[in-house]
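Q: I have a model open and want to learn how to read its features. Where do we start?

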Amino acid sequence: MDARISGHTQLYCLIGSPVGHSGSPAMYNYSFARTGIDAAYLAFDIPLEKTGEAVEALKLLKVGGFNVTMPCKTAVAQYVDEISPAARLIGACNTVTVGPDGKLTGHNTDGIGFVRNLQEHGVSVSGKKLVVLGAGGAATAICVQTALDGAAEIAIFNRKDEFYARGEHTVEALREAVPGCKVSITALEEQDALAAAIKNCDILINATKVGMKPLEKETLVDAAWFRPELVVADTVYNPKETRMIEEAKAAGCAKAVGGIGMLLWQGVAAFHLFTGKDMPAQEVLEKFFL
Ligand code: NAD
């Protein structure tokens, strides 16, 4: 690293809080070195109320671009000059690019990463019926991107907590922006409706915190609802295989895809937005994610 950094080295970074656990610096610095890009990536702990000041500081420092994590993902949208259609609909940016004129553009690569991960497993969302469990950040990104990418139907199920209203908002936003996609939301507590929706869908997606540590013993899906034609995907990557994914595999589902690939491919998409180059995805996967 010392040999790489010079007076010309371009800075990229992550802002949010906490960021100490983030795998992004390792992933990006490795990829800069492997692709011969004279750049370095750091993580800065920025609380929500300092989002605007942080963006101003990054502009002053002329960073090449930056990623945004919680709690700044929504707030950052008001400080960028332009916003991608997906990020606008999601209402959050996880990647901000800086143009040659210093113009900031907000993007959201979470949904892109999810769709790419499915593609890597031979699954297209185009024309498909989806059931999405969850209405938080990950679920919203997935609903928006899959709708933009041609999903025929998206049935959102969320428990009646503080995220339900966000799900309702997503339904309204997508009905207006992507009228060709039929989007609905139902309370997760309506188990008969959930069972019927899963019976009729092509792809079932868990985008809740259920299955993630410390809820790793839990699942929202009755294993009796699985069938061989169903594709099952999780956003959870810790553990790498959730109980839902294990049960889907055991039931012989067509595909059972864990969340680690979504994490990898959202980073690949951000790297490409930053540099125009391909991250060495397979190497990064093996070195940092497996
Ligand atoms: P969030 O806080 O924005 O949303 C949480 C969601 O989980 C809500 O829909 C909430 O209703 C639901 N939920 C929480 N506890 C529940 C329970 N006990 N029963 C039913 N529903 C419950 O969180 P997020 O950022 O959207 O993250 C959701 C999941 O997605 C997490 O497991 C996270 O690890 C994963 N994620 C993965 C990636 C990736 O790249 N693979 C990226 C982002 C998030």
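Q: Which residues line the largest cavity?
A: Keep in mind that this is a predicted model. Rolling a probe the size of a water molecule over the atoms shows where empty space is left. Here, the largest cavity is lined by Asn206, Val210, Gly211, Glu218, Thr219, Leu220, Asp234, Thr242 and Met244.

Q: What volume does the largest cavity have, and how does its lining split by class?
A: The volume is about 40 Å³. The lining has 4 polar, 3 nonpolar and 2 charged residues. With a cut-off of 30 Å³ or more, the count is 1 cavity.

Q: How much space lies in the second largest pocket?
A: A pocket is an open set of points, whereas from a cavity the probe cannot get out. The second largest pocket holds about 310 Å³. Its lining comprises 18 residues; Asn117, His121, Ile260, Gly261 and Leu285 are the closest to the centre.

Q: Which element gives the most to the lining of the second largest pocket?
A: Helix 9 does, with 4 residues. At least two residues each come from helix 4 (110–120), helix 8 (243–250), strand 12 (255–257), helix 9 and helix 10 (281–289). By class, this lining has 9 nonpolar, 5 polar and 4 charged residues.

Q: Now the sheet. In what order do the 6 strands of the open sheet run?
A: Read across the sheet, not along the chain. The order is 2-1-3-5-6-4, with mixed pairing. Strand 2 (39–45) and strand 4 (82–83) are the edge strands, each paired on one side only.

Q: In which sense do strand 1 and strand 2 pair, parallel or antiparallel?
A: Parallel. Strand 1 (residues 10–16) joins strand 2 over 7 bridges. For a landmark, find Ile15, which stands opposite Phe44 in strand 2.

Q: Which strands does helix 1 lie across?
A: Helix 1 (residues 24–35) lies across strand 1, strand 2 and strand 3 (65–68). Its direction is at about 170 degrees to strand 2. Helix 9 (residues 260–275) also packs on the sheet, where it touches strand 1, strand 3, strand 5 (95–98) and strand 6 (104–107). Helix 9 makes about 10 degrees with the direction of strand 5.

Q: Over how many bridges do strand 8 and strand 9 pair?
A: Strand 8 (residues 153–158) and strand 9 (residues 182–187) pair in the parallel sense over 6 bridges. Ile154 has Val183 in strand 9 as its bridge partner.

Q: Is the crossover from strand 8 to strand 9 right-handed or left-handed?
A: Follow the chain from strand 8 through helix 6 (residues 164–177) to strand 9. This β-α-β crossover is right-handed.

Note on methods. Residues numbered from 1 in each chain as written. Predicted model: local features only at pLDDT ≥ 70, side-chain atom pairs only at ≥ 80, totals over all residues. Heavy atoms only, no water. 1 Å grid on protein atoms, 1.4 Å probe; cavity = no way out; pocket = protein on both sides within 12 Å on 5 of 7 lines; lining within 4 Å. Points joined across faces, edges and corners; volume = space filled by probe spheres on them. Nonpolar A, V, L, I, M, F, W, Y, C, P; charged D, E, K, R; others polar. Pairing = 2+ DSSP bridges. Contact = heavy atoms within 4.5 Å. Axes fitted to C-alpha atoms, helices over the stretch in contact; angles between N-to-C directions. Right-handed = clockwise from strand over helix to strand, strands pointing away.
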